[in-house]
2 protein chains.
Amino acid sequence: MKPREDIQNIYQTALAVFSEYGFQKTTMEDVAGRLGMTKGNLYLYVKNKKDLYHKTVAHALEAWQSRVLEAVAAQTDVKEKFRIMCFKAVEYLAQDNLLRNLLVRDPEIFPMFSDKDPFADINRNSIALIRSIVVQGIAEGVFRPVDPDRISDVVFMIYKMFIIRMYIRAEDNALHDMFEDTVDLCTRGLFTQ
Amino acid sequence: MKPREDIQNIYQTALAVFSEYGFQKTTMEDVAGRLGMTKGNLYLYVKNKKDLYHKTVAHALEAWQSRVLEAVAAQTDVKEKFRIMCFKAVEYLAQDNLLRNLLVRDPEIFPMFSDKDPFADINRNSIALIRSIVVQGIAEGVFRPVDPDRISDVVFMIYKMFIIRMYIRAEDNALHDMFEDTVDLCTRGLFTQ
DNA sequence: AAACAATTAAACAAAATGTTCATTTATTTA
DNA sequence: TAAATAAATGAACATTTTGTTTAATTGTTT
C-alpha cells in the first residue's frame with residue numbers, strides 16, 4: 001500500500017498555507033492540494049479544520065521551542081544558559097518567516113492579556129525551562145535566592161511582551177536593542193553590587 | 001452630502017487587498033471593510049467584483065506606465081530615452097510591491113503566449129511609446145532605418161519576457177545583469193560598426 | 001483470490017459570498 | 001425648516017464555496 005503521509009510534512013505544509021492566507025481564508029482544499037491529496041483524505045489525519053490549525057501551530061511552536069532547548073542544553077554555565085535562552089528564542093523566531101507571519105495574522109496564538117491561552121501546554125514547557133535554569137542558578141549560588149515559580153512567570157511575561165512587539169517587525173533594531181537592555185537589566189540588576 | 005469616495009483611493013486600497021490575497025480569496029467585504037464602507041456601497045463604484053479587479057489592475061498598470069512616460073519625457077537624447085524607458089520600467093516595478101505581488105499571483109495579467117491580453121489597451125500605449133522613440137531615432141539618423149511597427153512589437157515582446165521572468169524575484173541580480181546585456185545588445189548590436 | 005489499507009470523488013448540509021434594493025442617514029436647496 | 005437629493009447601510013436572496021462524511025475505487029499485502 002502507499003506509504004501513509006508523514007504527519008510532520010502535513011503540519012509543515014499546512015503552516016505554509018495558513019501563514020500565507022490565515023485560518024479563515026485557507027481552505028482544506030488549499031492544504032490538501034499543496035500536499036497532493038484530496039481534501040477528503042485530509043480528514044484521515046486530522047479531525048477537522050480547527051484541529052488541523054491547532055496541531056499545525058502547536059507543531060511550529062514546539063519546533064521553535066526545541067531549537068531553543070537544544071541551544072540551552074549546549075551550554076554548561078548557568079548564566080550563559082539564561083542569556084542563550086533569551087536571545088536564541090528571539091533569533092530563531094526572526095528566522096522563521098512562516099511562524100512569524102502566522103503570529104502576525106493570528107496574535108491570539110500568543111495572547112498578552114487574555115486568560116485563554118490556546119497553547120498553554122507548550123508555554124508551560126517554556127516556563128519550566130526558565131524555572132529549571134533559575135533553580136540551577138540558585139543551587140550554584142550564582143543567582144539570588146528568588147522564588148523560582150514567580151520569577152519564571154515574570155521572565156516569561158516580559159519575554160512574551162517582546163515577542164508580541166517584535167514579531168510585527170522582526171527587523172526593528174531599536175526594539176532588539178531594548179530587548180538586550182532588558183535581558184541585561186534582568187540578569188545584572190540596576191544597582192551596582 | 002458626504003463627499004463621494006475617491007475612486008483612486010478605492011483602486012489603491014483594492015490593489016492592496018488583491019495583492020495580498022489574490023482575486024479569488026479576496027471578498028468584496030474585505031475591500032469594503034478596508035475602505036470603511038459596506039460591501040453594498042461598493043457596488044455604487046463598480047459594476048461587480050470582476051469589474052473592480054480589472055479596473056484596479058488597470059489603474060496600477062497605468063500608474064506604472066505614467067511614471068515611465070515621465071522619466072522618458074525628461075530626456076532629450078533619443079538614445080537615452082530608449083535606455084531610460086527600458087530600465088525605469090523594470091526599476092519602478094521592482095519598487096512596487098503591490099503590483100509585483102499581484103503579477104506573481106495572477107500571471108495572466110501579462111500573458112507571454114496567450115492571445116487574450118486583458119490589458120491590451122494599456123499595453124498598446126507602451127508599444128506606442130516604444131514606437132515614437134524609434135521613429136524619432138530614425139528621423140534623427142541615430143537609429144538604423146528599421147520598420148518601427150515591427151521593432152516596437154519585438155522590443156515589447158523581449159521586455160515582457162524579462163518582466164515575467166524577473167517579477168517572480170525582483171532581487172535576482174543575475175537576471176538583471178542579463179537584462180542590461182539584452183538592452184545593450186538591442187541598442188548597440190553585436191557586430192562592431 | 002481475499003483481505004486490508006489508503007485514497008478518491010461525489011454527496012450533502014452549512015456557511016460564505018456576490019449582488020440587489022428598500023430603508024435610513026446625511027447633505028443641499030428652496 | 002421642510003423638501004429634495006445624494007450617499008450609504010444592512011438585510012435579503014440566489015448562488016457558490018467549503019467543511020465534512022462516506023461509498024466506491026485503487027493499491028498493496030497476505
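A polar contact is a pair of N or O atoms within 3.5 Å, where one must be able to donate a hydrogen and the other to accept it within protein. Keep that in mind. This is a predicted model. By that rule, seven residue pairs are in polar contact across the interface of chain B and chain A, with both residues at pLDDT 80 or more.

So who takes part? Helix α1 of chain B, residues 7-25, gives the largest share of the side that touches chain A: three residues. By type, that side of chain B has one nonpolar, two polar and four charged residues.

Now the charges. How many salt bridges are there between chain B and chain A? The count is four. Here is one pair to look for: A:D30 and B:K25 meet through their side chains, at 2.5 Å from N to O.

Next, the area. The size of an interface is often given as the accessible area lost when the parts come together. Here, chain B and chain A bury about 540 Å² between them. Carbon and sulfur atoms give 42% of that. Which residues of chain B lose the most area to chain A? They are B:Y21, B:K25 and B:R105, together 84% of what that side buries. Note B:K25 again: the salt bridge to A:D30 is made by that residue.

Last, a look inside chain B. Helix α4, residues 49-73, packs with helix α5, residues 78-95. The angle is about 145 degrees, and the axes are 9 Å apart. Their crossing is right-handed. B:W64 and B:V68 are among the α4 residues in the contact, and α5 brings residues including B:I84 and B:Y92. The residues of this contact divide into ten nonpolar, one polar and three charged.

Conventions:
Residues are numbered from 1 along each chain as its sequence is written. Chains are lettered from A and ligands numbered from 1 in the order in which they are written. This is a predicted model: local features need pLDDT of at least 70, side-chain atom pairs count only at pLDDT 80 or more; totals for chains, interfaces and linings use all residues. Side-chain values use heavy atoms; hydrogens and water are left out. Buried area is the accessible area (1.4 Å probe) that two parts lose on being put together, summed over both. A polar contact is a pair of N or O atoms within 3.5 Å; within protein, one must be able to donate a hydrogen and the other to accept it, and residues adjacent in sequence count only if both atoms are side-chain atoms. Helices (H or I, at least four residues) and strands (E, at least two) are DSSP runs, numbered from the N terminus. Ala, Val, Leu, Ile, Met, Phe, Trp, Tyr, Cys and Pro count as nonpolar, Asp, Glu, Lys and Arg as charged, and the others, Gly among them, as polar. Axes are lines fitted to C-alpha atoms, for helices over the stretch in contact, and angles run from 0 to 180 degrees between N-to-C directions. A crossing is left-handed if the near helix is turned anticlockwise from the far one by less than a right angle, and right-handed if clockwise. Contact means heavy atoms within 4.5 Å.
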